[in-house]
Amino acid sequence: MPRAASPLPTLVLLASALLAPFAAAALEPAVATPAAAQPAAAAPAAGIGATARAVSAGIVAGIRQGAQQDRNAKPAQIACARALADDAVAAPVQQVIEASLDAQDRAYLEAFYASPLGVKYQAAMLSNADPDKTFSAEEWAQAKAAMASPAYQKLRAATVSSNPLAAQKIGGVLNPLLGECFKDGDGKGGGSGGG
């Protein structure tokens, strides 16, 4: 009996499309996850900074958006991607940040992402908010300056999947999560019932 087509090509395509610029998602607007579909917020893990949490949330938002836009994705796969926690890859992102950026750059980014403006910026980007309606001119200028900073450019370079360390650390956690969503094509990680 012929076997159903493997979901692997879809997973590979989705992974390659989504994993390229890991940290870019922390800057670029993403499709917001409806409040009802948001996973419960976990308490911040010890040793994981606001920068790593912001980058992780951006990566996960990009995955959710990619799954939603994939015409071949099944509802269970989309639901699985939506269920990924915002901080799903925060720990490996933190490892990459610590290994790749010096203390001054880490402090600069942490000060931004932990500040009220950084929190507001991250929320706005994740919800596709219009900057002109969300920020004052001064706030938007400060946020754009932070994103144009050498520290932020180093963060982006450190956390893209073409960086072997990012591919190993972030991809090493992210790929199994995506594999569970797309395993057996049902988004349930295999073992679907029925016949």
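These are my notebook entries on a predicted model of one protein chain.

**Entry 1: the overall fold**

I started with the secondary structure, and the chain comes to 11 helices and zero strands. Reading from the N terminus, I get α-α-α-α-α-α-α-α-α-α-α. The chain has 195 residues, and buried ones make up 43% of them. I then checked the contacts between residues at least 6 apart in sequence, and 78% of those join residues at least 24 apart. For the surface, I noted about 10000 Å² exposed by the chain, with carbon and sulfur atoms supplying 59% of it.

**Entry 2: the disulfide**

How many disulfides does a search of the whole structure find? It finds one. The partners are Cys80 and Cys181, and I read 2.2 Å between their sulfur atoms. As a reminder to myself, a disulfide is a covalent bond between the sulfur atoms of two cysteines.

Next I wanted the handedness. The torsion about the S-S bond of Cys80 and Cys181 is about -80°, so I put this disulfide down as left-handed. The pair links distant parts of the chain, as Cys80 is in helix H4 (residues 75–82) and Cys181 in helix H11 (residues 164–182), 101 residues apart.

Are the two cysteines buried or exposed? Cys80 has 18% relative accessibility; the cut-off for buried is under 20%, so Cys80 counts as buried. Cys181 is at 0% relative accessibility and is buried too.

**Entry 3: salt bridges**

I searched the whole structure for salt bridges and got three. I went through them one at a time.

Asp86 pairs with Arg64, and their closest N and O atoms are 2.9 Å apart. This pair also links distant parts of the chain: Asp86 is in the loop between H4 and helix H5 (90–100), while Arg64 is in helix H3 (residues 50–69), 22 residues apart. On accessibility, Asp86 is partly exposed with a relative accessible area of 29%, whereas Arg64 is buried at 6%.

Lys154 forms a salt bridge with Asp105, with 2.8 Å between the closest N and O atoms. Lys154 lies in helix H10 (residues 150–158) and Asp105 in helix H6, so this bridge ties together parts that are 49 residues apart in sequence. I have Lys154 as partly exposed, with a relative accessible area of 39%.

The third entry in my list is Glu139 with Lys120, whose side chains meet at 2.9 Å, N to O. Because Glu139 lies in helix H9 and Lys120 in helix H7 (residues 116–126), the pair ties together parts that are 19 residues apart in sequence. Both ends came out as partly exposed: Glu139 has a relative accessible area of 23%, and Lys120 is at 30%.

**Entry 4: back to Asp105**

I went back to the acidic end of the Lys154 bridge. Asp105 is in helix H6, which covers residues 103–114. Why does Asp105 count as buried? Its relative accessibility is 9%, and the cut-off for buried is under 20%. Which residues is Asp105 in contact with, leaving aside neighbours within four places in sequence? I found Ala151 and Lys154, and Lys154 is its salt-bridge partner.

**Entry 5: the two sides of helix H9**

Helix H9 (residues 137–148) has 12 residues, and I looked at its length before its faces. From first C-alpha to last, H9 reaches 16 Å, close to the 16 Å expected at 1.5 Å a residue. Which residues of H9 are buried? I noted Ala143, Ala146 and Met147. They cover an arc of only 95° around the axis, which puts them on the same side of H9. The other side of H9 has Ala137, Glu138 and Ala148, which are exposed.

**Entry 6: Gln68**

Last, I looked up Gln68, which sits in helix H3. Gln68 is partly exposed, at a relative accessible area of 39%. Not counting residues up to four places away in sequence, I have Gln68 touching Ile78 and Arg82. I also took the C-alpha to C-alpha distance from Gln68 to Ala81: the two are 8.6 Å apart in space and 13 residues apart in sequence.

How values were computed. Residues numbered from 1 in each chain as written. Predicted model: local features only at pLDDT ≥ 70, side-chain atom pairs only at ≥ 80, totals over all residues. Heavy atoms only, no water. Helix = DSSP H or I, 4+ residues; strand = E, 2+ residues; numbered from the N terminus. Buried < 20%, exposed > 50% of the residue type's maximum accessible area, 1.4 Å probe, protein only. Contact = heavy atoms within 4.5 Å. Disulfide = S-S within 2.5 Å. Expected span 1.5 Å × (residues − 1). Arc of directions from axis to C-beta. Areas by Shrake-Rupley, 256 points an atom, 1.4 Å probe, with all protein chains shown as cover. Salt bridge = Lys/Arg side-chain N within 4 Å of Asp/Glu carboxyl O.
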